[in-house]
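User: I would like to learn how to read the packing, the cysteines and the surface of a model such as this one. Could you take me through them in turn?

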Amino acid sequence: MPKVNIHYGLFVVRDVLMPLTDNPMPNNPAIVRVTRTEEKRTDVNLATALLLDCFDNDCDEVVVISNDSDLIAPVTAVRQRFGKSVGVISPQRSQRRSSALAQAASWSYGTINRHHFANNQLPAQIADANGTFTKPATW
């Protein structure tokens with residue numbers, strides 16, 4: 001689909017030393033090694049693409065699938081500066097979604113789950129002017 005762009009970020013995994021929260025000896029904190037996964041640059045990559053699409057007037061409406069409240073400023077800017085509709089869909093369960101991000105959007109939807117995907121797929125085979133296309137069996 002030439003008008004749909006997916007922008008990925010980066011996850012960094014590293015071992016770090018951190019204090020144990022349920023330390024039985026408060027004056028002598030226990031330190032443990034944990035594996036920490038951190039998202040890097042996803043919000044900046046998405047915000048940049050969102051703003052560039054609006055600067056170039058390449059969209060009428062955008063849908064952001066994220067729960068990152070760091071996107072409130074670019075979502076607000078797109079609505080106010082460019083007058084575009086911005087929808088936000090949370091990739092997490094509704095009770096864990098960012099209400100502040102949802103409020104910044106023109107509209108929001110709680111989450112998309114397997115049920116939504118299963119009920120909104122194209123038929124197994126479709127045809128257009130370029131030929132016939134068959135959905136892979138693994139879908």
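Analyst: Contact here means heavy atoms within 4.5 Å. The model is predicted, and in it Leu-71 touches Asp-43, Leu-46, Ala-47, Val-64, Ser-66 and Leu-101, when residues up to four places away in sequence are not counted.

User: Which residues have the most contacts inside the largest nonpolar core?

Analyst: In soluble globular proteins, nonpolar side chains tend to be buried together. In this model the largest nonpolar core has 15 residues, and Leu-71, Val-75 and Val-86 are those with the most contacts inside it. Two or more core residues come from each of helix 1 (42-55), strand 3, helix 2 (72-82), strand 4 (85-89) and helix 3 (99-104), and helix 1 gives the most, with four residues.

User: How many disulfides are there, and why?

Analyst: A disulfide is a covalent bond between the sulfur atoms of two cysteines. The count here is zero, and Cys-54 is in no disulfide because the nearest cysteine sulfur, that of Cys-59, is 4.0 Å away, whereas the cut-off is within 2.5 Å. Cys-54 is buried, with a relative accessible area of 3%, and Cys-59 is also buried, at 11%.

User: Which residues make the nonpolar surface patch?

Analyst: Val-63, Ile-65, Trp-107 and Tyr-109 make a nonpolar surface patch of about 380 Å², to which strand 3 (61-65) and strand 5 (107-109) each supply at least two residues. Trp-107, which lies in strand 5, is partly exposed, because its relative accessible area is 32% and partly exposed covers values between the buried limit of under 20% and the exposed limit of over 50%.

Notes: Residues numbered from 1 in each chain as written. Predicted model: local features only at pLDDT ≥ 70, side-chain atom pairs only at ≥ 80, totals over all residues. Heavy atoms only, no water. Patch = residues over 30% accessible without salt bridge, like charges linked within 9 Å, V, L, I, M, F, W, Y side chains within 5 Å. Areas by Shrake-Rupley, 256 points an atom, 1.4 Å probe, with all protein chains shown as cover. Salt bridge = Lys/Arg side-chain N within 4 Å of Asp/Glu carboxyl O. Buried < 20%, exposed > 50% of the residue type's maximum accessible area, 1.4 Å probe, protein only. Core = buried A, V, L, I, M, F, W, Y, C linked by side-chain atoms within 4.5 Å.
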